[in-house]
Amino acid sequence: LARLRSLKNLWLNANAISAIPPSFSGLEKLEVLSLNYNRISRLVPQIGLLTSLRQLLLRANRLGLAEDSEDAGLHVVLPEHLGLLTSLTVLDLGDNRLSTLPIELGRLNGKVQRLNLERNDWRFPSGGIVEQGRQAVLSYLLGLYQEKLERYR
């Protein structure tokens, strides 16, 4: 895949894929990455290097729960590097096993136009905030992200 630097769309739905290799970060011009209906349980931090990505579709995977023998049953969070995907307009995380979102996703407030979070077990942000929709979730996360930045200034 690393040789396909000009690839813009990659659709690998329903292929029993269990992991996104770090080499995906070499797909510099990738705009659409569709990995719906696979077995992915975690995202590598290198996903944040796909700065041209406009759509990240991860519906019906196993995100949020470790399944490898070393960490089996432990909760896995999404990498904060998702907040670096500033070209993203569509993010589909529906039908996974997620319970938390990284506050860095708040950086995408005003950019993401479609955010699917349905059918997960939300603890952070709370299910009440998630039910209010995309704008409420991203605004909430942005506020927390800005507070974090202020603490480190």
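Before we start, a word on elements: helices (H or I, at least four residues) and strands (E, at least two) are DSSP runs, numbered from the N terminus. The model is predicted, so local features need pLDDT of at least 70 and side-chain atom pairs count only at pLDDT 80 or more, while totals for chains, interfaces and linings use all residues. Residues are numbered from 1 along each chain as its sequence is written, and side-chain values use heavy atoms, with hydrogens and water left out.

**Exercise 1. Get an overview of the protein chain.**

Task: work out which elements the protein chain has and in what order they run.

Step 1. Count the elements: there are two helices and five strands.

Step 2. Walk along from the N terminus, and you read β-β-β-β-β-α-α.

Step 3. Now check the overall dimensions. The C-alpha trace spans about 40 × 35 × 30 Å along its principal axes. The radius of gyration is taken over C-alpha atoms, and the globule rule is 2.2 Å times the number of residues to the power 0.38. For 153 residues that rule puts a compact globule near 15 Å, and the protein chain agrees because its own value is 15 Å.

Step 4. Look at what is covered. Buried means under 20% relative accessible area, exposed over 50%, and partly exposed in between (1.4 Å probe, protein chains only). Of the 153 residues in the protein chain, 43% are buried.

**Exercise 2. Put the sheet together.**

Task: find the strand order of the sheet and say which strands sit at its edges.

Step 1. Two strands pair if DSSP finds at least two bridges between them. On that basis you get an open sheet of five strands, ordered 1-2-3-4-5, with parallel pairing.

Step 2. The edges are strand 1 (9–11) and strand 5 (114–116), and each of them pairs on one side only.

Step 3. Zoom in on one pair. Strand 2 (residues 32–34) and strand 3 (residues 55–57) run parallel and are joined by three bridges. In this pair, Ser34 stands opposite Leu57.

**Exercise 3. Look at two loop residues with positive phi.**

Task: place Ala14 and Tyr37 in their loops, then describe their backbone and surroundings.

Step 1. Ala14 lies in the loop between strand 1 and strand 2, while Tyr37 is in the loop between strand 2 and strand 3.

Step 2. Check phi. Ala14 isn't a glycine, yet its phi is positive, about 55°. Tyr37 isn't a glycine either, and its phi is also positive, about 55°.

Step 3. Ala14 counts as exposed because its relative accessibility is 56%.

Step 4. See what Tyr37 touches, where contact means heavy atoms within 4.5 Å. Leaving aside neighbours within four places in sequence, its partners include Ala14, Arg59 and Asn61.

**Exercise 4. Follow the side chain of Arg59.**

Task: which side chains make polar contacts with the side chain of Arg59?

Step 1. Find Arg59 in the loop between strand 3 and strand 4 (90–92).

Step 2. Arg59 is buried because its relative accessible area is 15%.

Step 3. A polar contact is a pair of N or O atoms within 3.5 Å; within protein, one must be able to donate a hydrogen and the other to accept it, and residues adjacent in sequence count only if both atoms are side-chain atoms. The Arg59 side chain has one such contact with the side chain of Asp92 at 3.4 Å and another with that of Glu118 at 3.2 Å.

Step 4. Not counting residues up to four places away in sequence, Arg59 also touches others, among them Leu35, Tyr37, Asn96 and Asn116.

**Exercise 5. Explore the loop after strand 5.**

Task: is Asn120 buried or exposed, and which backbone nitrogens does its side chain reach?

Step 1. Asn120 lies in the loop between strand 5 and helix 1 (127–131).

Step 2. Asn120 counts as buried because its relative accessibility is 17%.

Step 3. A polar atom of the Asn120 side chain lies 3.3 Å from the backbone nitrogen of Asn96. The side chain of Asn120 also reaches the backbone nitrogen of Leu98, at 3.0 Å.

Step 4. Beyond neighbours within four places in sequence, the contacts of Asn120 include Leu93, Gly94 and Asp95.

Step 5. Finish with Pro125, which is found in the loop between strand 5 and helix 1. The peptide bond joining Phe124 and Pro125 is cis, with omega about -10°.
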